[in-house]
Amino acid sequence: MSSERARLPHGPMVWVMEHDVLIEDTGEHFLCRDSETLLSGMTRLCRKGIPVGCRGGGCGVCKVRITAGEHRCRPMSKTHVSDAERAGGVALACCVEACGDLRLQVMGKMQRAVCRTGKASEPPGT
Ligand code: FES
């Protein structure tokens with residue numbers, strides 16, 4: 001966990017908490033701010049193939065299993081995550097906010113996309 005100063009939209013500079021999130025399938029890490037969803041943080045990896053759909057829990061393309069770490073979930077459709085899955089840590093990345101460092105596994109369409117494309121491409125000349 002770390003913190004950094006950031007300016008709120010049309011507001012003062014404040015300290016924001018950032019949490020380290022590990023994608024166990026690829027070994028990649030990304031930072032996620034306290035108030036943003038895992039999907040928003042994941043998209044900053046600048047990788048092709050991360051499925052981003054409705055961003056509101058309605059389409060189910062961003063399914064993950066959280067294997068460790070505190071988090072809070074916004075309401076999500078039982079069409080895409082059953083009560084049994086939810087009890088096992090399954091959630092929609094667009095509906096989860098990290099409260100501390102997390103580990104997750106990608107599932108479904110997210111798994112096919114993330115695991116197929118591997119890590120972010122290296123900058124030219126490296
Ligand atoms: S982007 Fe549609 S459910 Fe997450």
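pLDDT is the predictor's confidence in each residue, from 0 to 100. The model described here is predicted. Its mean pLDDT is 85. Of its residues, 85% reach 70 or more. One stretch falls well outside that range: pLDDT stays under 50 over residues 120-126. For this stretch the model has 3 contacts beyond four places in sequence.

The protein holds 3 helices and 8 strands. From the N terminus on, the elements run β-β-β-α-β-β-α-β-β-β-α. The protein has 126 residues, and buried residues make up 25% of them. Contacts often span long stretches of sequence. Among contacts between residues at least 6 apart, 59% join residues at least 24 apart.

Strand 2 pairs with two other strands. Its first partner in this account is strand 3, residues 28-33. The two run antiparallel and are joined by 6 bridges. They form a hairpin, with 4 residues between them. G27 lies in the turn and has a positive phi of about 80°. Within this pairing, H19 stands opposite C32, and V21 stands opposite F30. E18 also belongs to strand 2. E18 is 15 residues from R33 in sequence, yet their C-alpha atoms are 4.3 Å apart. E18 counts as partly exposed because 19 C-beta neighbours lie inside 10 Å, and a buried residue needs 20 or more.

The other partner of strand 2 is strand 8. Here the strands run parallel, joined by 3 bridges. V21 has L102 of strand 8 as its bridge partner. I23 stands opposite L104 of strand 8. V21 therefore has a place in both pairings, opposite F30 in strand 3 and with L102 in strand 8 as bridge partner.

Strand 8 also pairs with strand 4. These two run antiparallel, and 4 bridges join them. A68 stands opposite R103 of strand 8. The two faces of strand 8 are unlike in cover. L102, L104 and V106 form the covered face, while R103 and Q105 form the uncovered one. In a regular strand the side chains alternate between the two faces of the sheet.

T67 is placed in strand 4. T67 is in contact with E24, G89, R103, L104 and Q105, leaving aside neighbours within four places in sequence. Of these, R103 and Q105 belong to the uncovered face of strand 8, and L104 to the covered face. G89 is 22 residues from T67 in sequence and 6.5 Å away in space, C-alpha to C-alpha. T67 counts as partly exposed because it has 13 C-beta neighbours inside 10 Å, where 12 or fewer would make a residue exposed.

The largest nonpolar core has 25 residues. Within this core, L38, C62, V64, A91, L92, A93 and M110 touch the most other members. Several elements give two or more residues to the core: strand 2 (13-23), helix 1 (38-43), strand 4 (63-68), strand 6 (90-92), strand 7 (96-98), strand 8 (102-106) and helix 3 (108-117). Strands 2, 4 and 8 are thus on this list, and bridges join strand 8 to strand 2 and to strand 4. In soluble globular proteins, nonpolar side chains tend to be buried together. A91 is one of the core residues that touch the most other members. Leaving aside its neighbours within four places in sequence, A91 is in contact with V64, I66, C73, M76, V81, R86 and V96. V64, one of these contacts, is also among the core residues that touch the most other members.

One loop residue has an unusual backbone angle. Most residues other than glycine have a negative phi. R55 has a positive phi, near 60°, and is not a glycine. R55 is found in the loop between helix 1 and strand 4. R55 counts as partly exposed because 17 C-beta neighbours lie inside 10 Å.

Conventions. Residues are numbered from 1 along each chain as its sequence is written. A nonpolar core is a set of buried Ala, Val, Leu, Ile, Met, Phe, Trp, Tyr and Cys residues joined through C-beta atoms within 7 Å. Two residues are in contact if their C-beta atoms, placed from the backbone, lie within 7 Å.
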